[in-house]
Amino acid sequence: MTKAKHNVYPVLLAGGTGTRLWPVSRELYPKQLVRFIGDYSLVQSTIKRLEPVLDLKRVRIVCAKEHFHETARHMDGIGVEPDGKIICEPCGRNTAPAVLLAMLDILKQEEDAILCIFPADHVIRDIPLFHDKLKSAIKLAEENYIVTFGIKPHYPETGYGYIEGGRAVSYGAGTIKRFVEKPDKKTAVRYLEAGNFYWNSGMFAFRAGVMLEEFKKFRPVLLGMMQEISAKRSLLTKKRYEKLENISIDVAIMENTKKGVVLPSDFGWSDIGSWKSLYDFLPKDGNNNVIDGDVVAENTTNCFIMGRQRLIAVNRIDNMVVVDTPDSVFVSDIENSRDVKNIVARLKHNKRKEYHQHRTIHYPWGSITLLEQKDDFTVTSLLIYPGSLYKMKNSPSFTKQLVVVSGMVKADSGKGLRVLKRGKTVLISQKGYTPILNPGDIPAEVICVEIGSRQKAEG
């Protein structure tokens, strides 16, 4: 771990919904919780690559309230104790309030500290080089600079904001001349040729005391409101939080401060903001395809094809994206795949649940997966974590048959408590709730067949 005069806290921002990666990324299960690459979700990978430079005991994650339990489960999954490390926002208000909320939380424990800010949904290819730059950023933060990581561009990308670098300071960093919004192609080419423009990565390092002074100077109202909220947890409500200015840290502070520097970096970074950027990042096969899942591809080139539930067969396609999930399929040419966000907007406008959730919905006790639904029956799969209790709500219009397919549960059918192991069933016809407990040390899977008239229940 790197040595610094102040304790260093990694802060992960995990509040986005990733609409450009629909249908895999959704509001209830956003892209940072998805395993796109390798064995880990994006948030897990973001945490793991911080070692050994940073102490994972000091990591903090800012996320939406509805993602708290899944975020905690992902931290547990890589051996990081989540208690006290997750900071929940009642609603999203952009990166400035998120950074400020985490900073004030940390300052309750520290007189001052260095914060390293990382989006939880980015990927980095060259970890050793990333570690070197991270050490340099911490040294710069100790010198009272506010550091932003600028990614050296290798092609004229129009989907990122840019930072124009100025005169050199220490540790390879330079002053910031200006921030530039996403350019058109001609302008992006000019930036690439100039050599002193960098992609804005959204990663930062700074002393909390320095950033606090900048908020006092440039965003005093936002700071004052957040200090009130931070001082008393009962004030962290959606009603109050919605009144905060919806503003990025770039606009709020970085475009105004005289203490900002850009640290040029070239460690194979991508924000995984679209299917195109994910395709660009991943290794290709001999036909320049990225294929994940059970796929048969004939005469297919330059494509991204992903589906983990069933066979996908494609023939004679080029430069396409095909993404299959249990309830939705997305097909697009690869260059315009970002436009999926417009489809998500239409789904939301039409109140389609597919924009919001998957067939599997996660809860603190486990998950429910919808397998089949008709007017007169519904089949779901219940996954109950070890030691967890699920209180299943019953309806007088339906009867339920539970079948244990793995593990063991204890269920009260209304006729006393029953222990159900693999292959055992029980009929539930009582009103109210049925408690289902997993007393074992492995997850239990239970198939629930619900039979009755949905129209009668709704009437």
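Among contacts in the protein chain between residues at least 6 apart in sequence, 68% link residues that sit at least 24 apart. Keep in mind that what you're looking at is a predicted model. The chain carries twelve helices and 25 strands. Along the principal axes, its C-alpha atoms fill a box of roughly 75 × 60 × 40 Å. For 459 residues, a compact globule would have a radius of gyration near 23 Å, and the 25 Å of this chain therefore agrees with that. Half the story is inside: 50% of the 459 residues count as buried. As for the outside, the accessible surface comes to about 22000 Å², and carbon and sulfur atoms own 49% of that.

Let's start with helix α2, residues 68-77. Its buried residues are E70, T71, A72, H74 and M75. What lies over them? The cover includes helix α1 (42-48) along with the strands β2 (60-64), β3 (86-89) and β16 (360-363). Just past the end of α2 you'll come to G79, which takes a positive phi of about 80°.

Now hop along to helices α6 (residues 208-218) and α7 (residues 220-231). They pack at an angle of about 120°, with their axes 5 Å apart. An angle like that is neither in the 65 to 115 degree range nor over 145, so α6 and α7 count as oblique to each other. On the α6 side, the contact is made by L212, F215, K216, K217 and F218, and these meet P220, L222 and L223 of α7. Sorted by type, the residues of this contact come out as six nonpolar, no polar and two charged.

One of those α7 residues deserves a longer look. L222 lies in helix α7, and it counts as buried because its relative accessibility is 2%, where the cut-off for buried is under 20%. Set aside the neighbours within four places in sequence, and L222 is in contact with A96, P97, L100, F215, L244, E245 and I247. If you want to relate this spot to the end of α2, the C-alpha atoms of L222 and G79 are separated by 36 Å, with the two positions 143 residues apart along the chain.

Next up is S136, which has its place in helix α4 (residues 127-142). At 17% relative accessibility, S136 counts as buried too. Not counting residues up to four places away in sequence, S136 touches Y171 and L263.

That brings us to Y171 itself, in the loop between β7 (162-168) and β8 (174-180). Is Y171 buried or partly exposed? It counts as partly exposed, because its relative accessibility is 38%. Its backbone is worth a glance as well: phi of Y171 is near 55°, a positive value in a residue other than glycine. N319 also has phi near 55°, again positive in a non-glycine residue. You'll find N319 in the loop between β13 (304-315) and β14 (320-324), and at 34% relative accessibility it counts as partly exposed.

Last stop: the cis peptide bonds. The bond from W22 to P23 is cis, with omega near 15°, and P23 lies in the loop between β1 (8-14) and α1. Another cis bond joins E51 and P52, this one with omega about 0°. P52 is found in the loop between α1 and β2.

Terms used
Residues are numbered from 1 along each chain as its sequence is written. This is a predicted model: local features need pLDDT of at least 70, side-chain atom pairs count only at pLDDT 80 or more; totals for chains, interfaces and linings use all residues. Side-chain values use heavy atoms; hydrogens and water are left out. Axes are lines fitted to C-alpha atoms, for helices over the stretch in contact, and angles run from 0 to 180 degrees between N-to-C directions. Helices (H or I, at least four residues) and strands (E, at least two) are DSSP runs, numbered from the N terminus. Angles under 35 degrees count as roughly parallel, over 145 as roughly antiparallel, 65 to 115 as roughly perpendicular and the rest as oblique. Contact means heavy atoms within 4.5 Å. Ala, Val, Leu, Ile, Met, Phe, Trp, Tyr, Cys and Pro count as nonpolar, Asp, Glu, Lys and Arg as charged, and the others, Gly among them, as polar. The radius of gyration is taken over C-alpha atoms; the globule rule is 2.2 Å times the number of residues to the power 0.38. Buried means under 20% relative accessible area, exposed over 50%, partly exposed in between (1.4 Å probe, protein chains only). Accessible areas come from the Shrake-Rupley method with a 1.4 Å probe; for residues, only the protein chains shown count as cover.
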